[in-house]
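Me: I've got a model open and I'd like to go through some of the labels people put on it. Can we check each one against its cut-off?

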Amino acid sequence: MTAPGHPQARENRSGLVGQSVRRVEDDRLLTGAGVFVADRNPDGVLHAVFVRSPLAHARITSIDVAAARRAPGVVAVITGAEMAEMTHPFPPFLMLPGLYTPLFHALSADKVRLVGDPVAVVIAESRYLAEDAADLVDVDYEPLPTVASIAEALSPTSEPLWAKAGGNVMMDHTDTFGDVDAVFAAADRVITERFDCPRQSNQPMETRGSLVEVDAATGHLTIHNATQSSHLLRWAVAALTGKQRTTTALKRFITNKQRRRAFFAGAKQFVGTNRDGLKEQDNAGPLAQLKKDRSFLGHMNKIAVGLLGKDDYPTVKAQDIGGGFGSKGPVAREDIALAAAATSLGRSVKWIEDRTENLMDGGQAREESLTVSIAVDSDGTFRAMRVDLIIDQGAYPGFPIGAPLITKMMKVMFPGAYRWDAFEIRSRVVATNKGRYIPYRGPWANETWARERMIDVVADALGMTPAEIRLHNMIGADDLPTSMVTGPSIDETMSTKQTLERALELIDMDQFERDRVAAAASGRRLGLGIACYHEAAPGPPEFWDCIHPGTGMLTPEEAHTTVEADGSVLVYTQQMPHGQSHETTYAQVAADELGVRIDDVTIVSGDTDRTPFGFAGTGGSRGGPIGAGAVRTTAREVRRQLIESAAGMLEASPDDIEIVDGNIHVAGVPARGVTVAEVARRAADDGASGDLHGAPFEVADVYNGAGDGGWSVATHVCIVDIDLGTGLVTFPRYLVVEDCGPIIHPAVVDGQVRGGVAQGIGAVLYERTTYDEDANLQAATYMDYLVPTAMEIPEIEVHHLETLSPGENDFRGVGEGGMVGAPAAITNAIEHALGARVTTQYLPPTKILELAGVIVPG
Amino acid sequence: MTADRLAAEESAGGSIVDVALTVNGRSAPVRVEARRTLSDVLREDVGLTGTHLGCEHGVCGACTVLIDGQPARSCLLLAAQVDGAEITTIEGLAEPDGTLHPIQQAMMQAHGFQCAFCAPGFLMSAVALLADNPQPTRSEIREELAGNLCRCTGYQSIVDGVEIAVRRMNGDSSGGSS
Ligand code: FES
Ligand code: FES
């Protein structure tokens with residue numbers, strides 16, 4: 001699997017990396033012994049139910065909770081106005097040029113902005129009783145005109161959702177690379193098309209949920225939460241709840257020496273490690289925010305002082321998490337409301353979102369309009385591209401990451417694996433009365449969809465095949481080293497062209513053409529679609545600074561590896577596994593590095609009291625490259641220390657010593673070795689005890705992934721078979737040729753790819769978060785939001801290239817790509833099958849039949 | 001506390017019922033609200049949280065349990081409706097000595113699941129399928145499992161797992177290649 005002589009081949013001591021070893025997680029998950037947040041039912045826990053707006057846009061004229069408070073079993077009802085007294089608003093997190101981010105509270109007090117907007121929370125002895133009481137909350141609403149589409153939001157007469165925004169356009173910014181006007185003027189042709197992607201939703205099978213436990217003696221909060229980022233949630237709760245007077249907070253900070261010391265040490269460390277990033281933050285973003293709304297300055301000050309005045313931040317924990325796909329990364333308004341409620345009651349409170357809530361505001365994505373112009377020469381050579389992108393972010397911005405940052409990711413990735421002389425993108429973000437737009441697996445994916453769709457349009461106009469035009473323009477090995485027109489450097493890990501060439505070898509085009517003719521004779525249409533992409537996983541060192549200067553500081557990740565006195569190895573990570581199998585793959589990496597058995601290694605995650613700090617959590621295809629890189633780096637140092645320690649016992653030079661299956665010995669004489677446990681016990685007896693976890697061997701290190709290459713790439717090819725009687729689309733073949741470098745666990749990688757493709761198939765053929773023209777949600781259950789089943793998802797062939805990079809840790813991310821490539825390949829195949837232009841990503845049977853000319857658009 | 005909960009329910013005018021369940025071969029009598037779902041009773045009153053809730057409206061199948069051997073969605077039933085029934089949940093699949101059921105072993109071998117939130121429902125549906133039809137074809141497996149949603153895997157690995165279980169249960173102890 002790995003080439004001999006490559007660093008990874010040398011370090012692969014136990015041979016675990018590259019094997020589909022048994023999943024550590026399965027022992028508990030296949031027997032019902034997993035512990036998800038909903039499974040925790042501490043004695044005396046109270047249950048929360050949110051009262052939500054039935055209207056999409058309205059002013060709250062009054063709210064009467066008296067009857068609900070009197071209802072049996074009800075312990076408290078907290079209104080939006082009361083919640084505003086207890087919490088700070090969500091502040092703007094990333095202030096980008098041309099962006100305005102509105103401030104908002106956990107519950108709404110004056111105005112509602114979507115169906116499902118929470119206006120109060122009821123807390124009772126059971127969820128049943130809380131739901132009864134929620135029905136008794138009497139809210140008077142004065143309806144406002146709704147904004148239900150991008151087109152409406154762009155209209156200057158639309159009712160503004162946010163008073164200070166001056167309309168519903170929240171961001172408008174243009175990024176230009178090269179002399180776009182000149183290149184467009186000089187090119188032989190300019191071809192333009194607009195593509196629209198309707199709203200979709202992440203829909204993990206486990207909804208969001210939180211259990212806030214309150215320690216009766218100390219008031220300390222322990223929050224069990226299905227979060228993709230435990231430390232982020234911890235800080236968000238600490239920052240936004242426990243509102244206190246500024247003078248009180250300051251007094252507490254000044255009088256608490258320990259707190260002061262911890263704060264200044266933390267600040268010094270942060271500034272020290274992020275000096276360059278901090279310098280690069282420009283002022284255009286904050287100035288854009290200030291121009292519209294100065295209030296954030298006051299709130300940020302109060303939040304900062306409030307953090308200083310706190311002696312105790314919550315602990316956030318999670319054991320098992322039932323998927324997320326981005327939706328459990330952002331901090332939810334409900335998370336803040338629940339923590340505030342539990343604090344004020346001094347009692348534990350639990351909220352498990354129901355599926356309708358999840359469909360309303362548990363996270364929505366992808367609603368984007370993309371107008372793409374390509375300047376091209378008659379021989380098919382791409383010259384320049386211009387894009388007009390508009391994202392519908394819904395009512396409330398995602399915190400901390402939402403549409404604005406995603407426009408920046410799309411900006412960098414839009415040119416794809418092709419050569420361009422110039423590129424320009426205008427990015428707008430609009431507000432509408434819909435659910436929160438948040439990252440969804442490959443959040444930038446519609447750049448691939450629109451580009452790969454557009455390339456087929458251009459090929460068609462020039463009389464070329466989709467494969468020809470791609471091969472003609474794609475960056476190949478001969479072009480290296482080079483960089484994308486948007487900045488990031490390209491090295492040999494950007495092997496997209498090789499994946500395309502391999503995919504074309506795997507398809508028998510002549511056979512396809514024969515099948516196509518045969519199918520046409522029986523009322524069916526076959527089509528073949530290709531899509532190619534590369535994604536930063538983690539990307540070259542400058543990648544995040546190309547997205548936005550300063551964001552690169554989020555890249556580094558810390559891990560701790562320890563050897564306990566009994567010889568067991570613990571690896572602490574800030575990652576928050578929610579299906580990716582970290583407990584297995586990280587154990588493979590650590591065991592190989594150390595030379596111990598996989599069973600000797602335990603991965604510790606999901607407990608902010610024990611795991612290293614990091615806001616990134618699990619997401620962004622970081623788990624393989626950065627997370628596993630940190631594991632590898634720390635395990636390597638632990639191995640060095642073990643050998644050094646054993647050298648004395650073995651009376652040998654460290655250079656001659658190896659560790660195999662936990663036995664430390666002079667190479668070739670395992671019979672005269674000592675075990676890791678013996679060395680650890682001896683060190684413990686000698687008083688060795690680490691600062692962090694008290695283990696005799698303990699290494700903490702930050703890994704930044706820089707210099708390790710890091711593009712993850714693929715080509716998807718699919719063949720669709722369309723029944724002109726029913727409009728149903730099936731897949732005789734779906735093929736992915738991917739290259740994420742050396743593979744830790746093949747079954748895990750294939751599973752990630754297939755799961756992503758399945759979501760892409762859902763996006764095109766089945767799933768849509770539908771709203772009517774008054775912004776009423778029309779898909780509030782799984783009867784209307786159609787998640788594909790085993791009958792709709794085909795067998796998906798996955799092939800691997802495993803290109804090596806010169807870096808020290810060569811694992812590359814693979815979690816997002818399946819979803820990035822699939823919508824493009826499928827829509828391209830459908831256009832090919834029907835011979836009709838496809839400009840929307842959502843193609844249910846009626847739309848297919850319309851495109852095929854079988855039925856007339858209604 | 002359950003007592004507070006039931007007292008509040010009564011003062012809200014709700015009735016309380018005694019339900020005699022047998023869960024995984026053990027008698028599990030409970031005193032619960034008449035309107036309490038079977039899934040909530042299994043999870044919170046009996047304390048078996050292996051049965052999961054993905055939608056609570058009968059579509060996702062995560063809550064599937066066997067009631068007198070037949071698969072059923074425990075989110076759509078009240079516990080009071082199944083008084084006297086024998087219920088099997090995921091916790092009851094392994095032998096008392098801990099030996100895993102062939103379907104559990106097969107899913108392990110196939111790396112069937114990722115987050116595995118859906119796994120309890122799939123395992124119970126697969127057990128019911130194999131009891132009905134010990135040698136299903138691949139497309140029959142897909143059809144029978146179409147009442148269960150999984151968001152992570154794209155289903156292929158789950159179907160592989162059932163196929164391995166079929167081979168194991170039909171005497172091929174290796175389970176064949178996966
Ligand atoms: S929870 Fe019962 S079918 Fe979804
Ligand atoms: S494995 Fe995550 S939902 Fe099925």
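Reply: Sure, here is a run through the fold of one chain and then some aromatic rings, bearing in mind that this is a predicted model.

Me: What makes up chain B in terms of helices and strands, and which pattern does the chain follow?
Reply: Chain B has six helices and five strands. Along the sequence they come as α-β-β-α-β-β-β-α-α-α-α.

Me: Why is chain B called as compact as a globular protein of its length?
Reply: The radius of gyration is 17 Å, and the globule rule gives 16 Å for 178 residues; those values are close, so chain B is as compact as a globular protein of that length. For the overall dimensions, the C-alpha trace spans about 60 × 30 × 25 Å along its principal axes.

Me: What share of chain B is buried, and how much of its accessible surface belongs to carbon and sulfur atoms?
Reply: Buried residues are 55% of the 178 in chain B, where buried means under 20% relative accessible area. The accessible surface comes to about 6800 Å², and carbon and sulfur atoms hold 47% of that.

Me: How far apart are the mean positions of the positive and negative charges in chain B?
Reply: They are 6 Å apart, taken over 12 positive and 22 negative charges.

Me: On to the rings. How many aromatic pairs are there over all chains?
Reply: The count is 19. One of them joins A:Phe36 and B:Phe117, with 5.1 Å centre to centre and 85° between the planes.

Me: Why is that pair called edge-to-face?
Reply: Ring centres within 6.5 Å make a pair, and planes over 60 degrees apart count as edge-to-face. With 5.1 Å and 85°, A:Phe36 and B:Phe117 fit that label. The pair also crosses between chains: A:Phe36 sits in the loop between helix H2 (26-29) and strand S1 (46-52) of chain A, while B:Phe117 sits in the loop between helix H3 (102-110) and helix H4 (119-132) of chain B.

Me: How do you know whether A:Phe36 and B:Phe117 are buried or exposed?
Reply: The cut-off for buried is under 20% relative accessible area. A:Phe36 has 1%, so A:Phe36 is buried. B:Phe117 has 4%, so B:Phe117 counts as buried too.

Me: And what makes the pair of A:Phe731 and A:Tyr734 tilted?
Reply: Stacked needs planes under 30 degrees apart and edge-to-face needs over 60, and the rest are tilted. This pair has 55° between the planes, with 6.1 Å centre to centre, and is tilted. Both A:Phe731 and A:Tyr734 are buried.

How values were computed: Residues numbered from 1 in each chain as written. Chains lettered and ligands numbered in written order. Predicted model: local features only at pLDDT ≥ 70, side-chain atom pairs only at ≥ 80, totals over all residues. Heavy atoms only, no water. Helix = DSSP H or I, 4+ residues; strand = E, 2+ residues; numbered from the N terminus. Rg over C-alpha atoms; globule rule 2.2 N^0.38 Å. Buried < 20%, exposed > 50% of the residue type's maximum accessible area, 1.4 Å probe, protein only. Areas by Shrake-Rupley, 256 points an atom, 1.4 Å probe, with all protein chains shown as cover. Lys, Arg positive; Asp, Glu negative; His and termini not counted. Charge placed at Lys NZ, Arg CZ, Asp CG, Glu CD. Phe/Tyr/Trp six-rings, centres within 6.5 Å; stacked < 30°, edge-to-face > 60°.
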